[in-house]
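Trainee: Hi! Could you walk me through this structure before I head back to the bench?
Mentor: Happy to, let's open it up together.

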Amino acid sequence: MWKSILKKNRHDFLLNGLRSIYELQKIIFSIYLARDYNIKHFFYEKKLQEKNRIILDAFHQLREQHPLEKTDHYFMLEHCYNVLIEMSTLRYRLKDPVIFEICHQELLSISTEISHIFDHLLKKNVPQMAYNPQLLQENIFSLESIYQNVLQATLAEPIIFLIFIENLIALEKTLTQLSKRCYEKYI
Amino acid sequence: MKNIFNARSFLMRRILLNAVVFLLAALAVIFSLSIQYGILIGFISILISIIIFPDHPEKDFRAAIIPILQAYEDYLTAIKNALLQKYTDIHKKRISVEEAMRHSPQWVYQLGFEARLREGYRHFLIRVEQFGEALFAMQSILHHPLDEKFLHHFSQEIEFITTQNCRLMQTLTTLIALQKPTVIIEDWIEDIVALEKKFYTYAPQNPAAFNLNKDNIYFAAFIQHLKDLREILLKMVQSIR
């Protein structure tokens with residue numbers, strides 16, 4: 001009886017993975033908002049590696065404990081992680097930190113909204129409704145406007161920033177889907 | 001107990017070694033032993049350091065990195081096959097990479113790791129991790145299947161670039177294993193430059209028209225990742241040579 005009570009269920013492992021991904025996105029956005037990656041390069045890389053390690057361990061536990069139950073949730077988490085990792089590549093592609101200064105407010109708003117979505121997903125009680133992503137979509141749209149009006153002309157390789165914006169849109173869609181799944185069937 | 005001998009806990013080893021030496025020295029002082037015993041204590045501490053707490057960071061680092069690079073190579077090939085819509089078990093390759101990365105030598109970041117090796121090993125490990133990140137990012141692009149006719153224009157170039165990257169990874173693995181590489185390739189840049197040029201002849205020049213078709217953006221992202229992979233590999237090979 002104690003074994004069944006103490007044994008973690010799939011829900012706990014999924015929450016664990018989600019929590020780790022939440023921590024990773026906080027670090028990624030802190031790099032872009034602090035704009036000191038060139039100076040504290042080693043510090044940020046070490047933090048990213050630590051978070052990556054925790055996420056990979058969470059995925060390992062999920063596979064080990066419930067190998068036959070690789071549902072959409074697992075693949076959505078994996079996709080969410082892949083998209084975040086792609087977003088983090090901007091740290092070594094974009095050499096000029098002034099670019100982040102131009103869109104600092106928009107990045108801060110996007111980071112805050114993404115944190116709200118994760119807080120909503122990690123709630124202990126059953127969520128009353130799926131998270132409304134409208135505010136996040138508006139913030140991403142503001143960032144896209146800055147890109148089209150300013151950055152597209154200033155950047156040496158504007159495609160790099162465009163890819164970042166596409167990744168934000170992909171992340172928003174994945175998190176919205178996850179939120180809807182949580183509401184429809186509490187994980 | 002086994003973990004003390006096998007784990008890369010440099011700080012713990014130093015503490016234990018110093019504790020043993022201190023204890024022996026304290027015994028010598030308490031019992032007012034002569035200088036010969038002091039020499040004996042020094043000899044015993046050297047023996048403990050060599051036999052019981054041996055440090056072979058070079059060997060351990062190589063042993064940890066090589067499986068990661070081999071897993072990366074298989075995963076890269078699987079990603080290329082998935083992009084070109086050939087059959088591949090990408091999920092299995094992905095799991096192999098995740099398992100290899102879970103055992104990456106994180107002990108290079110620990111306090112007490114040899115100062116003369118620290119910077120080089122840490123930078124190399126950062127490059128290895130960034131390579132893995134680029135591969136995971138490439139898999140996220142596969143979530144958006146590209147138009148088959150569009151891909152057909154570039155399939156030869158993608159095959160060639162992936163083969164070159166795999167050969168470069170094999171060269172890197174050979175160098176890390178302290179063997180002489182057999183593969184010699186003169187040009188490491190022109191293939192990716194050629195792919196990029198070809199892509200921009202097909203993609204519209206007008207930014208608004210370019211942005212309308214998501215295939216353009218995702219394929220541009222894929223090319224960017226191929227560039228990153230090549231750059232990281234060349235930096236790793238350069239740091240070893």
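Mentor: We can go through confidence, chain B, ring pairs and a few single residues.

Trainee: Is this predicted or experimental, and what is the mean pLDDT of chain A?
Mentor: This is a predicted model. Chain A has a mean pLDDT of 84, and 86% of its residues reach 70 or more.

Trainee: Which elements of chain A have the lowest and the highest mean pLDDT?
Mentor: The lowest value among the elements of chain A belongs to helix α1 (residues 2-6), with a mean of 50. Helix α7 (residues 104-121) of chain A has the highest, at 92.

Trainee: Switching to chain B, how many helices and strands does it have?
Mentor: Chain B has eleven helices and zero strands.

Trainee: And how much of chain B is buried?
Mentor: Of its 241 residues, 45% count as buried. The accessible surface of chain B is about 12,900 Å², and carbon and sulfur atoms account for 62% of that surface.

Trainee: What about contacts in chain B between residues at least 6 apart in sequence: what share join residues at least 24 apart?
Mentor: That share is 78%.

Trainee: Okay, rings next. How many aromatic pairs are there over all chains?
Mentor: The count is 26 aromatic pairs over all chains. One of them is B:Phe61 with B:Tyr121, a tilted pair with 4.4 Å between the centres and 40° between the planes.

Trainee: Where do B:Phe61 and B:Tyr121 lie?
Mentor: B:Phe61 is in helix α4 (residues 57-83) of chain B and B:Tyr121 is in helix α6 (residues 115-141) of chain B, so their pair ties together parts that are 60 residues apart in sequence.

Trainee: Are those two buried or exposed?
Mentor: B:Phe61 counts as buried because its relative accessibility is 6%. B:Tyr121 also counts as buried, at 14% relative accessibility.

Trainee: Got another pair for me?
Mentor: Sure, take B:Phe154 and B:Tyr202, which form an edge-to-face pair at 5.4 Å centre to centre, with 80° between the planes. That pair links distant parts of the chain, 48 residues apart. B:Phe154 is in the loop between α7 (148-152) and α8 (155-176) of chain B, while B:Tyr202 is in helix α9 (residues 190-202) of chain B.

Trainee: How do B:Phe154 and B:Tyr202 come out, buried or exposed?
Mentor: B:Phe154 is buried, at 0% relative accessibility, whereas B:Tyr202 counts as partly exposed, at 44%.

Trainee: Which residues do ring pairs link into a cluster?
Mentor: The cluster includes B:Phe150, B:Phe154, B:Phe199, B:Tyr200 and B:Tyr202, along with B:Phe219 and B:Phe222.

Trainee: Now charges over rings. Which ring does A:Lys26 lie over?
Mentor: A:Lys26 lies over the face of A:Tyr22, 4.9 Å from the ring centre. In another case, the charged end of A:Lys40 sits over the ring of A:Phe43, at 5.7 Å from its centre.

Trainee: Changing topic, how many disulfides does the structure hold?
Mentor: There are zero disulfides over all chains. As for single cysteines, A:Cys103 is buried, with a relative accessible area of 0%, and B:Cys166 counts as buried at 9% relative accessibility.

Trainee: What does B:Ile240 touch, leaving out residues up to four places away in sequence?
Mentor: B:Ile240 touches B:Phe124, B:Leu172, B:Leu175 and B:Ile176. B:Ile240 lies in helix α11 (residues 214-240) of chain B and is partly exposed, with a relative accessible area of 32%.

Trainee: How far apart are the C-alpha atoms of B:Ile240 and B:Leu175?
Mentor: They are separated by 7.3 Å, although the two residues are 65 apart along the chain.

Trainee: Last one: which backbone angle should I look at for A:Arg35?
Mentor: Look at phi, which is positive at about 60° although A:Arg35 is not a glycine. Most residues other than glycine have a negative phi. A:Arg35 is in the loop between α2 (10-34) and α3 (41-65) of chain A and is partly exposed, with a relative accessible area of 28%.

Trainee: And B:Gln85, where is that found?
Mentor: B:Gln85 is in the loop between α4 and α5 (90-102) of chain B. B:Gln85 has a positive phi of about 60° too, and it counts as partly exposed at 41% relative accessibility.

Technical notes. Residues are numbered from 1 along each chain as its sequence is written. Chains are lettered from A and ligands numbered from 1 in the order in which they are written. This is a predicted model: local features need pLDDT of at least 70, side-chain atom pairs count only at pLDDT 80 or more; totals for chains, interfaces and linings use all residues. Side-chain values use heavy atoms; hydrogens and water are left out. pLDDT is the predictor's confidence in each residue, from 0 to 100. Helices (H or I, at least four residues) and strands (E, at least two) are DSSP runs, numbered from the N terminus. Rings of Phe, Tyr and Trp (its six-membered ring) pair if their centres lie within 6.5 Å; planes under 30 degrees apart count as stacked, over 60 as edge-to-face and the rest as tilted. Buried means under 20% relative accessible area, exposed over 50%, partly exposed in between (1.4 Å probe, protein chains only). A charge sits over a ring if NZ of Lys or CZ of Arg is within 6 Å of the ring centre and within 35 degrees of the ring normal. Contact means heavy atoms within 4.5 Å. Accessible areas come from the Shrake-Rupley method with a 1.4 Å probe; for residues, only the protein chains shown count as cover. A disulfide is a pair of cysteine sulfur atoms within 2.5 Å.
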